[in-house]
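Please load the model in your viewer and follow the selections below in order. Each stop names what to select and what is found there.

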Amino acid sequence: MRFLAFEGLDGSGKSTLINGLDQEFSARGMGCVISREPGGTPLGNAVRDLLLKVDAEHPVPRAEALLYQADRAQHVEKVIRPALAQKKWVLSDRFAASSLAFQTGGRLISQEEILWLNRFSTGGLEPDLYILLDLSVEESLRRMAGRPQEADRFERESKDFHERVRQAYLRLASQDPSRWLVLNSSETSEQMLHKLLAHLQGLRWLV
Ligand code: TYD
């Protein structure tokens with residue numbers, strides 16, 4: 001079993017890729033658990049509302065950072081660790097790197113502080129692999145504008161904010177290339193799935 005976390009700007013196609021991989025796992029008779037942050041647990045779903053609703057009081061950046069960590073601590077202990085203990089693969093739509101990209105890159109909280117908070121809430125658990133679906137900010141904004149649902153707090157942020165988030169992700173990936181796979185999100189979901197499967201096979205995690 002392995003723990004994979006999918007990261008990227010909104011609209012980068014994480015959920016489609018996760019569903020595609022899930023189908024591949026089912027076809028191989030392998031058990032996997034799909035989850036997400038924020039919102040992988042009932043408590044996390046309540047936190048998600050606090051974080052994303054536009055008509056509620058907006059958390060200040062440090063409150064926001066802590067709410068993501070509360071969601072993460074609950075997620076790790078209630079969902080991820082139990083699934084790994086049962087030898088299941090875990091596919092998580094976002095994990096600790098989202099806090100480094102959005103709260104450090106986007107909100108400009110120091111990396112040192114977010115690293116410390118991530119360690120606190122995860123108890124040191126890290127994904128075996130992060131998959132970054134890299135997308136230009138223009139394309140991300142274009143895809144979000146085409147969605148039927150109302151834009152959340154992050155989707156209303158400036159282009160500059162999203163550009164800092166993207167660059168923070170690319171920096172994380174280049175600093176730790178063995179833990180990151182970068183996919184180009186302007187490719188089709190089939191092409192990305194093909195590359196991801198080839199990468200997992202190359203690592204001998206999948207036959
Ligand atoms: P997500 O569920 O990916 O949004 P959507 O359902 O619109 O695709 O994530 C919600 C937002 O939360 C996203 O804009 C990124 C942000 N986020 C952080 O800022 N920090 C974090 O640690 C996490 C997990 C998410």
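Begin with the largest nonpolar core of this predicted model. This core has 34 residues, and I80, F95, Y169 and W180 are those with the most contacts inside it. To see where the core residues come from, colour the elements β1 (3-8), α2 (42-52), α3 (61-85), α4 (96-106), α5 (111-122), β4 (129-134) and α7, each of which supplies at least two of them. As background, nonpolar side chains tend to be buried together in soluble globular proteins.

Next, select I80 and display its surroundings. Apart from neighbours within four places in sequence, I80 is in contact with F3, H75, V90, F95 and L125. F95 thus appears twice on this tour: it is a contact of I80 and is listed with I80 among the residues with the most contacts inside the core.

Now move to the second core, which is separate and comprises 21 residues. Among them are L91, L183, L193 and L206.

Return to helix α4, one of the contributors to the largest core. How many of the residues of α4 are buried? The count is 11 of 11, and the helix is accordingly described as mostly covered. The buried set includes nonpolar names such as L100 and F102, and also S98, S99, Q103 and T104. To see what covers these residues, show β1, α3, α5, β4, α7 and β5 (180-184), which are included in the cover. Then step just beyond the helix to L108, where phi is positive, at about 65°.

The next selection is a helix pair: α6 (residues 137-145) and α7 (residues 159-175). Their axes lie 10 Å apart, and the helices pack at an angle of about 120°. This value makes α6 oblique to α7, and α6 passes α7 in a right-handed crossing. Display the side chains at the contact: α6 contributes V137, E138, L141 and M144, while α7 contributes K159, H162 and E163. Sorted by class, the contact has three nonpolar, one polar and three charged residues.

Finish within α6 by selecting S140. Is S140 buried or exposed? S140 is buried, because its relative accessible area is 1%, under the 20% limit for that class. Not counting residues up to four places away in sequence, S140 touches L9, D10 and L135. Displaying these three residues together with S140 completes the tour.

How values were computed: Residues are numbered from 1 along each chain as its sequence is written. This is a predicted model: local features need pLDDT of at least 70, side-chain atom pairs count only at pLDDT 80 or more; totals for chains, interfaces and linings use all residues. Side-chain values use heavy atoms; hydrogens and water are left out. Axes are lines fitted to C-alpha atoms, for helices over the stretch in contact, and angles run from 0 to 180 degrees between N-to-C directions. Helices (H or I, at least four residues) and strands (E, at least two) are DSSP runs, numbered from the N terminus. Angles under 35 degrees count as roughly parallel, over 145 as roughly antiparallel, 65 to 115 as roughly perpendicular and the rest as oblique. A crossing is left-handed if the near helix is turned anticlockwise from the far one by less than a right angle, and right-handed if clockwise. Contact means heavy atoms within 4.5 Å. Ala, Val, Leu, Ile, Met, Phe, Trp, Tyr, Cys and Pro count as nonpolar, Asp, Glu, Lys and Arg as charged, and the others, Gly among them, as polar. Buried means under 20% relative accessible area, exposed over 50%, partly exposed in between (1.4 Å probe, protein chains only). A nonpolar core is a set of buried Ala, Val, Leu, Ile, Met, Phe, Trp, Tyr and Cys residues joined through side-chain atoms within 4.5 Å.
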